[in-house]
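Thanks for making the time this morning. I would like to walk through one model with you, going from its charged side chains to its strands.

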Amino acid sequence: MIIKDQIKEIVENSLEKAIKENKFAPLDFPEVKIEYPKEEKFGDYATALALESARILKKSPIEIGNTLKEYIEESDLIEKVDIAKPGFINIFLSTNILHQTLLFILEEEENYGRFTKNNPNKINIEFVSANPTGPLNIVSARAAALGDTLANLLEACGDIVDREYYINDHGNQVYLLGKSVLYRYWESLGKSVDFPEDGYHGDYISDIAEYLKKNYKDKIESFKDEDELIDFFAQKAVEYNIEGQKRDLERFNVKFDIWYSERSLHKEEHVPNALGKLESCGKIYIEDGKKTFKSTEYGDDKDRVVVRDDGRPTYLLADIAYHIDKIDRGYDLLIDIWGPDHHGYIARIIGAMKALGYEDHRLNILIAQQVNLIMKGEAVRMSKRLGKYSTMNELIDEIGTDVARYFFIMRSLESHLDFDLELAKRESSENPVFYLQYAHARICSIFREAEKRGINYNPSNSSIEFLNNPEAATLLKTILIFPEEVIDAANSLEPHRIANFLLKLARVFHKFYTEHRVISDNIDKTNTYLSICGCVRIVLKNGLGLLGVSAPERM
């Protein structure tokens with residue numbers, strides 16, 4: 001029940017009628033666009049069609065608007081239409097459609113804000129994908145919250161979504177991890193070692209060494225070659241860390257469908273195959289013994305080496321191969337969420353996809369900006385290698401999954417986030433999560449009180465009469481745009497829009513609750529206001545569910 005789409009159809013039909021009745025010439029009119037007015041007094045929806053058509057029709061926008069107004073107001077959906085300078089058509093919804101929406105939402109319940117498609121897109125969204133060299137930190141936690149919420153939104157819109165984690169278990173970082181664990185292992189046996197300066201120094205490295213000593217000591221002692229030993233330690237350390245990351249992510253309400261190993265990408269020859277495809281397209285040249293991709297043809301600041309002069313592929317070539325493989329797996333759309341240090345990497349990956357003939361729209365790369373964890377007014381420095389960081393697991397211990405997820409989602413991906421730990425722990429209306437959950441719990445308590453009083457609640461006994469007040473009307477108008485917000489947030493890849501919408505809804509509800517007694521001696525009014533509260537409860541629960549946040553019934 002997308003009211004915005006219905007309004008668009010009404011305006012389009014009004015234009016067709018005006019043309020048919022010779023009010024307008026049958027010209028090439030601009031597409032009808034429906035917007036939300038900036039202020040409530042300007043209506044519920046608006047269109048600039050009259051303004052945009054003035055040059056074509058050679059008429060004033062006000063004259064065009066007044067002509068269309070007559071046709072638009074014929075619809076039962078519309079209460080009235082105002083024409084405002086310089087030519088906006090402002091549309092006000094009827095109370096009748098608000099009542100219909102109320103009954104519709106109560107019938108839909110958990111399905112309100114969810115859609116089905118006859119031909120759903122198959123989407124791969126890859127996020128987090130942190131190096132498996134230690135526990136997940138709060139930067140990864142932000143990507144986890146955003147990626148999972150975006151996946152929820154796309155699923156709510158009827159698409160098929162796979163959440164994928166790309167395990168970077170190949171290359172120098174993993175070698176250093178294996179070496180670090182091996183040297184801690186030797187230290188635990190009393191050996192004197194010169195621990196690598198560029199190794200990993202966190203306490204968790206010793207934990208992994210102890211785990212391997214307990215479970216693989218005989219296997220370890222069978223190795224004679226140090227490089228083979230380092231490789232074994234690296235593989236087992238990656239497995240250990242990935243299992244820990246999986247536990248932390250599931251605790252954070254994030255469950256991946258696919259865990260894809262970079263090592264397997266190399267093992268299965270995807271990397272040389274990708275090089276062959278780029279060479280066959282004429283996009284590779286050799287300079288100083290290095291094979292180089294012509295990435296400047298696609299907006300990069302310089303061409304990029306994909307094979308070093310010693311024959312080893314660069315990380316870029318592996319990444320290109322990985323994206324080719326994702327497309328070969330049949331996905332219509334790929335979405336990557338990367339960290340802030342990867343911004344310059346976008347042009348070369350998208351360039352490679354273009355070079356191989358893939359359409360631009362099939363790959364979307366989003367950058368999740370930096371997170372600063374603020375504790376007592378000071379930023380916490382984070383470094384996985386030095387062992388100075390706040391892990392995602394520690395953050396959950398401190399403030400819980402609900403608060404952590406919401407705080408990560410409430411700002412746009414492109415915004416730097418100062419995560420105020422003190423605010424996150426506060427149980428007051430200043431904390432947006434507490435404010436939202438309290439609104440849901442309060443509504444649940446209203447229904448418990450109605451049941452306690454023996455009130456025969458029946459939404460069909462609700463009355464339009466009691467919707468004719470500013471607070472009830474504004475609240476229902478806010479509720480009815482929830483499905484539109486879900487679609488817009490999914491299409492724009494902006495999960496924070498749902499967090500902002502829910503806050504607005506909670507504020508509008510609290511104003512309604514302050515101005516109107518829900519349970520009264522008037523049974524029709526009580527049924528109407530309980531029905532409104534029921535709708536708010538449904539939207540809060542459904543919206544919080546999209547964010548991966550719980551909706552408690554008691555607080």
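Let me begin with a question: does K41 count as buried or exposed? Before I answer, please keep in mind that what you see is a predicted model. At 59% relative accessibility K41 counts as exposed, because the cut-off for that class is over 50%. Its salt-bridge partner is E39, and the closest N and O atoms of the two are 3.6 Å apart; E39, at 40% relative accessibility, counts as partly exposed.

Now set beside that the pair K326 and D336, whose side chains meet in a salt bridge with an N to O distance of 3.1 Å. This pair links distant parts of the chain, since K326 belongs to helix α11, residues 315-328, and D336 to strand β11, residues 333-338, the two residues being 10 apart. K326 has a relative accessible area of 0% and is therefore buried, and D336, also at 0%, counts as buried as well.

A further salt bridge is formed by E494 and R497, again with 3.6 Å between the closest N and O atoms. Salt bridges that share partners join these two residues with K4, E485 and D488 into one network. As for accessibility, E494 is partly exposed at 24%, and R497 is partly exposed at 25%. Over the model, the count of salt bridges comes to 36.

There is also a surface patch of negative charge, in which D5, E9, E12 and E16 gather. Of these I will single out D5, which lies in helix α1, residues 3-20, and which is partly exposed, with a relative accessible area of 48%.

Turning to the strands, I would point first to an open sheet of four, in the order β1-β2-β4-β3, with antiparallel pairing. Its edge strands are β1, residues 34-35, and β3, residues 78-84, each of which pairs on one side only. Between β2, residues 45-47, and β4, residues 88-93, there are three bridges, and in β4 the residue N90 is the bridge partner of A46.

Elsewhere, β13, residues 371-375, pairs with β15 in the parallel sense over four bridges, and N372 stands opposite D418 of β15. Which side chains of β15, residues 417-420, are buried? They are L417 and F419, which point to one face, whereas D418 and D420 point to the other and are not buried. That alternation is what one expects, because in a regular strand the side chains alternate between the two faces of the sheet.

Notes: Residues are numbered from 1 along each chain as its sequence is written. This is a predicted model: local features need pLDDT of at least 70, side-chain atom pairs count only at pLDDT 80 or more; totals for chains, interfaces and linings use all residues. Side-chain values use heavy atoms; hydrogens and water are left out. Buried means under 20% relative accessible area, exposed over 50%, partly exposed in between (1.4 Å probe, protein chains only). Two strands pair if DSSP finds at least two bridges between them. Patches are made of residues with over 30% relative accessible area and no salt bridge: like charges are joined within 9 Å, nonpolar side chains (Val, Leu, Ile, Met, Phe, Trp, Tyr) within 5 Å. Accessible areas come from the Shrake-Rupley method with a 1.4 Å probe; for residues, only the protein chains shown count as cover. A salt bridge is a side-chain nitrogen of Lys or Arg within 4 Å of a carboxyl oxygen of Asp or Glu. Lys and Arg count as positive and Asp and Glu as negative; His and the chain ends are not counted. The place of a charge is taken as NZ of Lys, CZ of Arg, CG of Asp or CD of Glu.
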